[in-house]
There are 4 protein chains.
Amino acid sequence: MNDVAETKPLSKSAMRRQRERELRYQTILSAAESLFAKEGYHNTSMERIADAAEVSVGAVYFYFKNKEDLLACLIDESGYCLRSVLGKAFLEATPDLEGFKKAGHAFFEDYCLNHSDKLAILFRESVGQSKIVEERRKNASERLIKDVRNALEKVCEGMNYEFKSNLASEIIAVSILGIYERVAYQYIFWQGNTDGLKAIGHDAVDFLIGGIKNLFREKECT
Amino acid sequence: MNDVAETKPLSKSAMRRQRERELRYQTILSAAESLFAKEGYHNTSMERIADAAEVSVGAVYFYFKNKEDLLACLIDESGYCLRSVLGKAFLEATPDLEGFKKAGHAFFEDYCLNHSDKLAILFRESVGQSKIVEERRKNASERLIKDVRNALEKVCEGMNYEFKSNLASEIIAVSILGIYERVAYQYIFWQGNTDGLKAIGHDAVDFLIGGIKNLFREKECT
Amino acid sequence: MNDVAETKPLSKSAMRRQRERELRYQTILSAAESLFAKEGYHNTSMERIADAAEVSVGAVYFYFKNKEDLLACLIDESGYCLRSVLGKAFLEATPDLEGFKKAGHAFFEDYCLNHSDKLAILFRESVGQSKIVEERRKNASERLIKDVRNALEKVCEGMNYEFKSNLASEIIAVSILGIYERVAYQYIFWQGNTDGLKAIGHDAVDFLIGGIKNLFREKECT
Amino acid sequence: MNDVAETKPLSKSAMRRQRERELRYQTILSAAESLFAKEGYHNTSMERIADAAEVSVGAVYFYFKNKEDLLACLIDESGYCLRSVLGKAFLEATPDLEGFKKAGHAFFEDYCLNHSDKLAILFRESVGQSKIVEERRKNASERLIKDVRNALEKVCEGMNYEFKSNLASEIIAVSILGIYERVAYQYIFWQGNTDGLKAIGHDAVDFLIGGIKNLFREKECT
DNA sequence: GATGAATGAGCGTTCATTCAT
DNA sequence: TATGAATGAACGCTCATTCAT
């Protein structure tokens, strides 16, 4: 695992194997993602995943410890993807609340629509499955919360605001994620209303912006 | 068949049987609720439920069609209980946003703490289990949304406000529930932070009040 | 159980009870017959039978020892009914082979069509169920065989024939029943061809008449 | 996908696996056959079959869809075996009614005695079990009927006979099978009279030969 | 006599996981 | 590395039968 030592003498065939390994890994993960999202975690057997990935059951176990691990990896991936989508939106925005608007729209118009399997994994299929899975969801959630809090801090600084309470920034972050999750659940999973998502997202973003503002106050002079 | 005639002469033994039936029903339901919440839906076998309720497996199947039905009934109960808690808070409040504050605090300080098993059923154990269960959750959710929207309408009238958009009242309702759910999940299920829930709830309520306001505007004069 | 002693002092209410008892017994038996024939013995639960007979499960067990007993009684009834149908045909016929023709037609045109539930019980639902049931079927079969052999003996006498072998009369009887059973099974249960049954029966009867003749020979003079 | 190319290079280990697979399949099927025949279909649990075949329950389900499938396969096998036994007898006979005599004797003296488990499956254990099983029995029956009718046609041609009616050949076939079935049932399953089967078969064959003749007539000159 | 709630052994079936090849 | 047959514990569910009322 020493990168320097390993990097050089990698023969061509070894490199090809490496590439194939990663390809296989991703193929299996994708197959699982799609099946978990479409059929449900418990309705998807390991054999079914192997079939869909066009490998043997044994191969799935070569790349993943077990079924739970497969789900855990998908949670990580889905969480990472969501952070990317939101992060990109924040980066492109001015350091005021515009970032939160952009991020909100990115969630509803990009993540929900273009990564709906990941959405399903993160907010539906991985819920209440086991200690380990719940731990992974918690971690993914915490990373997201941290990102949002960082963005929040920047806004604070940029606008000379402070939080009304110690907890405020965390509560804001959790609340925003709650809104994302539930609005998506309601309109994507339950109503399949993908067309109206832009308008829905618009109001949801307005709501959360109002919420943020209400936990800010202008910084007192010292 | 004559209701009046039939109602009265219900013999004492028949009445006792009726009572016992309902008691048994509730005993089983409670056992299942507790086990589902504590061990997880999939980790709880029907035999385990029967044992906990001190009845035979067959008895469980006499009162409930199957395991799924047990969960569906628990969803209904949990949803109903939540509506009661929130409804009571609204009733005791003035017809302005105070109702939403009271309801929020009721959720965090009453429902989350005194009905944590129901919380777990509604927001964790019943997620992503099956078509039928999801349908039941959706229905429970819709009833809650309707309640919140009704409360919203009253505030509108009482304060001469109107919604910024057609969707606004629904989005508000969904968002509030999203905040409830996620904040509860974060601090109860993941952090087990029951002591701080009052403070947490306080900020969360502030957040959602800000959100609501941001989707209101003063009614234009005609 | 002494018939003479019991017969006289039967009070009116006792008689009514007796009648009701027999009515109930028959109602349950009919319900079971219909359900066994239509849904299959194993697909019919005791509860289902009780429902159909509009009595409680306990009542069924009051009149019948168990499910097996219900089937055994139905076998007896079905066998008795078949004997009646065939016996009547024999009685109305001349003491030559005409009786066998009439009996054959009676089987296909009366028993198969008017007592198809009994047919199903006797030839389908009771097959291979248990030692006891099989014993009952054997007994029913033996009574039928005896009847047929008696008819055969009469034809022998009347026409001055004798059997080619000791076994002949039994084999004839068994074979005739085999033809009845299988032809009925083929055209009723498998093809549902009730309309063509007359023509079918005609050929089947011709076949068995030929068979009988082939095991007869003219009695040698002594 | 090229059959010629693919057939050859089947590696030795692959071939051995193939052989083992088929062996296992047959072992399980045999175990089931024996148990179904001896204990009855409903009294035989899948676990019992697995034990008898010295494999795990899972292995049984690897080779067969379910218990019903096991029975269905056994029906096919039993039907095929019976066709072989009868077919061989017909082939060895002259193209007159001798074939039907030989086939009859083959049934009673070969099939009934050497394949009594198959006899039990075909005529006892598979009766009235389910839609699917009944369908399989019907198919097996139809193939047998077709064979017999073919043999009948040949006799017709060879002896310049014709059938008395359109239905005749089918009725003959069905009747013959009915005689086989019932005679076997009576003397094997009910009386366990294996010793007398030759004599019994002799008379039964005489009976059915008489039956056939009675549905033939000499072809009219044109 | 009649009821129907309660029992609980037993069954068919699934599927995550392993391991010899 | 890759295969896929084999495992077997575990589960949901059924239903004939009983028995207190």
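Here a biologist and a modeller talk through a predicted model.

Biologist: Nice to have you here! What is the order of helices and strands in chain A, starting at the N terminus?

Modeller: Happy to help; keep in mind that the model is predicted. Chain A holds 10 helices and 2 strands. Read from the N terminus, the order is α-α-α-α-α-α-α-α-β-α-α-β.

Biologist: And what share of the residues of chain A count as buried?

Modeller: Let me start with the overall extent: along the principal axes, the C-alpha atoms of chain A fill a box of roughly 65 × 50 × 30 Å. Among contacts between residues at least 6 apart in sequence, 72% join residues at least 24 apart. Chain A has 222 residues, and the share that counts as buried is 43%.

Biologist: Good. How far apart are the centres of the two domains, domain 1 and domain 2 of chain A?

Modeller: The domain assignment of chain A gives domain 1 as 1-64 and domain 2 as 67-218. Taken over C-alpha atoms, the separation of their centres is 29 Å.

Biologist: Which helix gives the most to the side of domain 1 of chain A that touches domain 2 of chain A?

Modeller: The contact takes 10 residues from domain 1 of chain A and 11 residues from domain 2 of chain A. On the domain 1 side, 6 residues come from the helix that gives the most, which is helix H2 (residues 12-39) of chain A.

Biologist: How does that side of domain 1 of chain A divide into nonpolar, polar and charged residues?

Modeller: It is the side of domain 1 of chain A that touches domain 2 of chain A, so to speak, that we are sorting here. The division is 7 nonpolar, 2 polar and 1 charged.

Biologist: Let's move to the chain pairs. Which element provides the largest share of the side of chain B that touches chain A?

Modeller: In this pair, 36 residues of chain B are in contact with 35 residues of chain A. Helix H7 (116-125), helix H9 (168-190) and helix H10 (197-214) of chain B are the elements that give two or more residues to that side. The largest share, 13 residues, belongs to H9(B).

Biologist: What about chain C and chain D: how many nonpolar, polar and charged residues has the side of chain C that touches chain D?

Modeller: Here the contact takes 36 residues from chain C and 35 residues from chain D. At least two residues each come from helix H7 (116-125), helix H9 (168-190) and helix H10 (197-214) of chain C, and H9(C) has the largest share with 13 residues. By class, the side of chain C has 17 nonpolar, 10 polar and 9 charged residues.

Biologist: As what kind of axis are the two copies related?

Modeller: A turn of 179° and a shift of 0.0 Å along the axis lay chain C on chain D with an RMSD of 0.2 Å. The two copies are therefore related as by a two-fold rotation axis.

Biologist: One last topic, the DNA. Which residues come nearest to DNA strand E?

Modeller: Helices supplying at least two residues each to the surface near DNA strand E include helix H4 (57-63) of chain A and helix H2 (12-39) of chain B. By class, this surface has 14 nonpolar, 11 polar and 7 charged residues. Of the 32 residues around DNA strand E, those that come nearest are A:Asn66, B:Gly58, C:Gly58, D:Ser45 and D:Asn66.

Methods
Residues numbered from 1 in each chain as written. Chains lettered and ligands numbered in written order. Predicted model: local features only at pLDDT ≥ 70, side-chain atom pairs only at ≥ 80, totals over all residues. Contact = placed C-beta atoms within 7 Å. Helix = DSSP H or I, 4+ residues; strand = E, 2+ residues; numbered from the N terminus. Near = placed C-beta within 6 Å. Nonpolar A, V, L, I, M, F, W, Y, C, P; charged D, E, K, R; others polar. Domains from an automatic or database assignment. Least-squares fit on C-alpha atoms with pLDDT ≥ 70 in both. Buried ≥ 20, exposed ≤ 12 C-beta atoms within 10 Å, placed from the backbone.
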